[in-house]
Amino acid sequence: LTSWYNTQKTALTNKVNELLNVDEGTFRIRSLSSGKYVVPAAGGTGSGTALQQSDQYSGTTAAQWMIHLRGTQRQIKNIKSGQCMDLQTDVNGQTGIVQRSCNGAATQDFRIGVLGPGEYTLRSKHNLAFQPQNGASGNNVNIVQNTVKGLAPEKFAIEKYGSGPHRDFLE
């Protein structure tokens, strides 16, 4: 009986790990308040490059993000640069969102919350919401984490991109 139990426990543990460690697909992330896409500044690929909202790179790989589920958190990797979203500084307050080499740090772990049909919030490890700085709607405005207030600038569309498989965030 002990042997059977250990076999079942191992199989179940492996299945849970498999389900909680999966690529969810390629997406574009668009601010619902401005209609602009989240991209590295100037479509850049450098480490530490600020993420901004822009309509200038919406048709390029700079606006495409691979979302990978890791347990209960998500790693969000830019297709063009191959780098992951990261907090500029690990602070429980306003700070910029940048891209850096994917390294598994907690500052690269994000949550996606469903607010309503087609409306999502992106949250950092500090449970602070992504939003354009000062709620601005122009091009080249930095994306920051800041206090959750439930306002329009905190709402994003996460649009499936390409023909590959896409996983529903509610699964």
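The structure holds 8 salt bridges. This is a predicted model, and the tour begins with three of those pairs.

**Stop 1: Glu 24 and its partners**

Select Glu 24 and Arg 74. Their side chains meet in a salt bridge, with N to O at 2.6 Å. Arg 74 sits in strand β5 (residues 73-78) and Glu 24 in strand β1 (residues 21-31), so the contact ties together parts that are 50 residues apart in sequence. Now colour by accessibility. Arg 74 is buried, at a relative accessible area of 7%. Glu 24 is buried too, at 1%.

Keep Glu 24 selected and add Arg 167. These side chains also meet in a salt bridge, at 4.0 Å from N to O. Arg 167 belongs to the segment after β12 (156-160), while Glu 24 is in β1, so this pair ties together parts 143 residues apart in sequence. Arg 167 counts as buried, with 17% relative accessibility.

As background, side chains of opposite charge can pair when their charged atoms come close.

**Stop 2: Arg 30 and Glu 159**

Stay on β1 and move to Arg 30. Which residue does Arg 30 form a salt bridge with? The partner is Glu 159, and the closest N and O atoms are 2.6 Å apart. Arg 30 lies in strand β1 and Glu 159 in strand β12, so the link spans parts that are 129 residues apart in sequence. Check the exposure of each end. Arg 30 is partly exposed, at 21% relative accessible area. Glu 159 is buried, at 19%. The cut-off explains the two labels: buried means under 20% relative accessible area.

Before leaving, show Glu 24, Arg 74 and Arg 167 together. Salt bridges that share partners join these residues into one network.

**Stop 3: the disulfide**

Show the cysteines. How many disulfides does a search of the whole structure find? It finds 1. The bond joins Cys 84 to Cys 102, with the sulfurs 2.0 Å apart. Look along the S-S bond: the link of Cys 84 and Cys 102 is right-handed, with 95 degrees about that bond. Cys 84 lies in strand β6 (residues 84-87) and Cys 102 in the loop between β7 (95-100) and β8 (111-116), so the disulfide ties together parts 18 residues apart in sequence.

Are the two ends buried or exposed? Cys 84 is buried, with a relative accessible area of 0%. Cys 102 counts as partly exposed, at 33% relative accessibility.

**Stop 4: strand β6**

Select β6 next and turn it over. Both faces are covered. Cys 84 and Asp 86 are buried on one side, and Met 85 and Leu 87 are buried on the other. Add β7. The strands β6 and β7 pair in the antiparallel sense, over 4 bridges. To see the register, find Asp 86, which stands opposite Val 98 in β7.

**Stop 5: a nonpolar patch**

Switch to a surface view. Select Leu 12, Val 16, Leu 19 and Leu 20. Together they make a nonpolar surface patch of about 340 Å². Val 16 is placed in helix α1 (residues 2-19). Val 16 is partly exposed, with a relative accessible area of 38%.

**Stop 6: two asparagines with positive phi**

Go back to sticks and pick Asn 127. This residue has a positive phi of about 60 degrees, although it is not a glycine. Most residues other than glycine have a negative phi. Asn 127 is found in the loop between β9 (119-123) and β10 (129-132). It is partly exposed, at 35% relative accessible area.

Jump to Asn 140. Its phi is near 60 degrees, again a positive value in a residue other than glycine. Asn 140 is placed in the loop between β10 and β11 (141-146). Its relative accessible area of 39% makes it partly exposed.

**Last stop: the whole chain**

Zoom out to a cartoon. There are 1 helix and 12 strands. Trace the chain along the sequence: the pattern is α-β-β-β-β-β-β-β-β-β-β-β-β. The C-alpha trace spans about 65 × 35 × 35 Å along its principal axes. With 171 residues, a compact globule would have a radius of gyration near 16 Å; the protein has 17 Å, which agrees. Finally, colour by burial once more: buried residues make up 42% of the 171 residues.

Technical notes:
Residues are numbered from 1 along each chain as its sequence is written. This is a predicted model: local features need pLDDT of at least 70, side-chain atom pairs count only at pLDDT 80 or more; totals for chains, interfaces and linings use all residues. Side-chain values use heavy atoms; hydrogens and water are left out. A disulfide is a pair of cysteine sulfur atoms within 2.5 Å. Buried means under 20% relative accessible area, exposed over 50%, partly exposed in between (1.4 Å probe, protein chains only). Two strands pair if DSSP finds at least two bridges between them. Patches are made of residues with over 30% relative accessible area and no salt bridge: like charges are joined within 9 Å, nonpolar side chains (Val, Leu, Ile, Met, Phe, Trp, Tyr) within 5 Å. Accessible areas come from the Shrake-Rupley method with a 1.4 Å probe; for residues, only the protein chains shown count as cover. The radius of gyration is taken over C-alpha atoms; the globule rule is 2.2 Å times the number of residues to the power 0.38.
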